[in-house]
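Visitor: I have a model open in front of me and would like to learn how to read its sheets and helices. Could you walk me through it?

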Amino acid sequence: MTRCRRLMARSGTIVMLAALLCPLQSGAAEGEQTMMESREYAGASAELPVAFRHPAAWRLQEERGRIDAYREVRLLGARNDDKTYTSSFVVRSAPLQSAGGRYGSLQELVAAYTTSGLHGGTLLTKQSQTVADVPATGLIFSYRIPPLHHRGLVPKEIPVTTHAVLLEHDGRLYELLYSADTRDYNRFTGEFDELLRSFRFQP
């Protein structure tokens with residue numbers, strides 16, 4: 001088993017980091033242009049009762065938290081030029097603290113993002129917006145991942161920009177995320193905007 005596959009076999013934050021740093025084994029081709037063909041994801045689970053459009057070529061993974069109570073869909077897209085980072089969208093849902101989740105309110109989740117969630121980086125924008133007719137908070141922040149000296153990984157520092165849209169609905173907290181190498185960030189903002197416009201809650 002390769003070093004990347006061993007990283008992917010672990011849970012939590014390591015899984016997310018490995019998915020973004022390790023080369024894709026299949027699925028999305030490199031070098032996609034913005035506004036690619038899209039398809040709809042429709043969640044059938046009560047833990048993630050949402051639907052949205054996403055790039056059809058991006059590889060879709062579903063995951064349930066092993067420690068924290070969450071359910072998420074992760075979409076892995078194009079690699080950066082250095083082959084060190086994969087652009088991604090994540091749609092995550094978690095219960096409020098009263099039902100076993102980590103955070104008791106949207107305000108607590110936003111506070112977590114604007115402190116430890118910045119990974120030591122810089123908050124670029126914070127604004128109120130609406131998604132699926134629900135008030136939301138949008139954050140854009142940037143940070144740097146230090147070089148990782150693992151076999152199969154290019155040991156280069158990676159500048160990352162993340163757009164997080166956070167909202168609360170029907171007793172659950174939702175995180176809609178777009179992350180990319182900062183140099184590639186503008187390539188897929190159109191697709192993330194489409195995800196936000198098409199996002200809706202399933203009955």
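Guide: Happy to. This is a predicted model, and a good place to begin is the open sheet of seven strands, ordered β3-β4-β5-β9-β8-β7-β6 with antiparallel pairing.

Visitor: Which strands stand at the edges of that sheet?

Guide: Look for strands with a single partner. Here those are β3 (59-64) and β6 (122-131), so each has one side left without a neighbour in the sheet. While you are there, compare directions: ignoring which way the strands run, neighbours are turned by 20° against each other on average.

Visitor: How many bridges link β5 and β9?

Guide: Eight bridges, in the antiparallel sense, join β5 (residues 86-95) to β9 (residues 172-181). To find your place in this pair, pick out V90, which stands opposite L177 in β9.

Visitor: Which strands does helix α3 lie across?

Guide: For a helix on a sheet, ask which strands lie under it and how its direction compares with theirs. Helix α3 (residues 106-113) lies across β5, β6, β7 (134-145), β8 (158-169) and β9, and its direction makes about 175° with β8. Helix α4 also lies across part of this sheet, namely β5, β6, β8 and β9, and runs at about 170° to β9.

Visitor: What is the strand order in the open sheet of three strands?

Guide: The order is β1-β2-β10, again with antiparallel pairing. The edges are β1 (38-42) and β10 (200-201); each has a single partner strand, so one side of each lacks a neighbour in the sheet. Between β2 (residues 50-55) and β10 there are two bridges, and these strands run antiparallel. One residue to click on is A51, whose bridge partner in β10 is R200.

Visitor: Which helix packs on this sheet?

Guide: That is α4 (residues 189-198), which touches β1, β2 and β10, with its direction at about 160° to that of β2. Taken with its place across β5, β6, β8 and β9, α4 contacts strands of the three-stranded sheet and of the seven-stranded one.

Visitor: How do I place these pieces along the sequence?

Guide: Follow the order of elements: the chain has four helices and ten strands, in the pattern α-α-β-β-β-β-β-α-β-β-β-β-α-β.

Visitor: And what share of the chain is buried?

Guide: Of its 203 residues, 52% count as buried, taking under 20% relative accessible area as the cut-off. The exposed area is about 10,200 Å², with carbon and sulfur atoms supplying 49% of it. As for contacts between residues at least 6 apart in sequence, 54% join residues at least 24 apart.

Methods
Residues numbered from 1 in each chain as written. Predicted model: local features only at pLDDT ≥ 70, side-chain atom pairs only at ≥ 80, totals over all residues. Heavy atoms only, no water. Buried < 20%, exposed > 50% of the residue type's maximum accessible area, 1.4 Å probe, protein only. Contact = heavy atoms within 4.5 Å. Areas by Shrake-Rupley, 256 points an atom, 1.4 Å probe, with all protein chains shown as cover. Pairing = 2+ DSSP bridges. Axes fitted to C-alpha atoms, helices over the stretch in contact; angles between N-to-C directions.
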